[in-house]
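Student: I should like to go through this model with you, beginning with its architecture and ending with its interior.

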Amino acid sequence: MAPTTYTLTIPSSTRFLKEVRRFVAVHAAEAGLDEMRVAQLTMAVDEACTNVIEHAYEGAAEQPIEIAVIAGRKELTIRIRDHGRTFDQRAYREPDLADYAKKRKSGGLGVHIMHKLMDEVAYRSTGRYNECRLVTYLP
Amino acid sequence: MSNFSVGFRSSGPVQILDLQGELDAHTAADLEAAIQKCQKENNVHIVVNGAELMYISSAGLGVFMAHIEEVRDGGGDIKIAALQPKVFNVFDLLGFPMLFDIVDSEEAAVSRFEASSAD
């Protein structure tokens, strides 16, 4: 059976993060994830979209962010695409939280959260768009 | 309309911040402003009551990270109380209990301040 795909496009403003979370939560619950996993997936998607708004579009509002929830048999994939600046998120290292607090740093936790909460995190840029894929395995 | 609010209360010398709603990159500035207000007024014994906090993202967590050292340097602390299990789960997963005093209830948080001032 082909995977079922649900899509949502939002403008690149943090005002719409709540709508993204609702959208992902509904379809993640339909796919059979329990409440805790739904909460974790929702948060990871929020972090990915926030990164797009802040880094790919550098705060410019009204640029499109395309979110697709792809429900397969064994896994649920969230695909987030943007047409902004390509920024390298692949060089991921786990941050030292105590060091963060000492340096009064507040950014950069989002990528850490995505890696902690998801089974797979992948990025690619095609020249036409940047894409982040968040995968969680179904129970 | 914002889906997040901060309420201010006092319990003796302790400033209580009641968080309500969803704390994300859109609403984190409200928490930042609330903590800055406390610092400006020299209320550095802060208890954050998270009983009505439904969600937190890294933007919200980052506000705590950005202010904790400064508040402690000023002789105070930010204690986090009464988090819902799914919100606590996020704090726990990221190792926040190593950095922050996270307790089950507001009363417990306030009494920890009282205990430390009696030392």
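Student: How many helices and strands does chain B have?
Tutor: In this predicted model, the elements of chain B follow the order β-β-α-β-α-β-α-β-α from the N terminus. Counted by type, they come to 4 helices and 5 strands.

Student: Why is chain B described as being as compact as a globular protein of its length?
Tutor: The globule rule gives 14 Å for 119 residues. Chain B is as compact as a globular protein of that length because its radius of gyration is close to this value, at 13 Å.

Student: What percentage of the residues in chain B is buried?
Tutor: Buried here means under 20% relative accessible area. Of the 119 residues in chain B, the buried ones make up 53%.

Student: Which helix gives the most residues to the largest nonpolar core?
Tutor: This core has 75 residues, and those with the most contacts inside it are Ile80(A), Leu134(A), Leu19(B), Leu61(B) and Phe64(B). With 10 residues, the element that gives the most to it is helix α2 of chain A, residues 35–56.

Student: How many residues does the other core have?
Tutor: That core lies apart from the largest one and includes Val47(B), Ala82(B), Val103(B) and Val110(B). Its number of residues is 9.

Student: How far apart do the centres of the positive and negative side chains of chain B lie?
Tutor: Chain B carries 7 positive and 18 negative side chains. The separation between the centres of these two sets is 2 Å.

Key: Residues are numbered from 1 along each chain as its sequence is written. Chains are lettered from A and ligands numbered from 1 in the order in which they are written. This is a predicted model: local features need pLDDT of at least 70, side-chain atom pairs count only at pLDDT 80 or more; totals for chains, interfaces and linings use all residues. Side-chain values use heavy atoms; hydrogens and water are left out. Helices (H or I, at least four residues) and strands (E, at least two) are DSSP runs, numbered from the N terminus. The radius of gyration is taken over C-alpha atoms; the globule rule is 2.2 Å times the number of residues to the power 0.38. Buried means under 20% relative accessible area, exposed over 50%, partly exposed in between (1.4 Å probe, protein chains only). Lys and Arg count as positive and Asp and Glu as negative; His and the chain ends are not counted. The place of a charge is taken as NZ of Lys, CZ of Arg, CG of Asp or CD of Glu. A nonpolar core is a set of buried Ala, Val, Leu, Ile, Met, Phe, Trp, Tyr and Cys residues joined through side-chain atoms within 4.5 Å.
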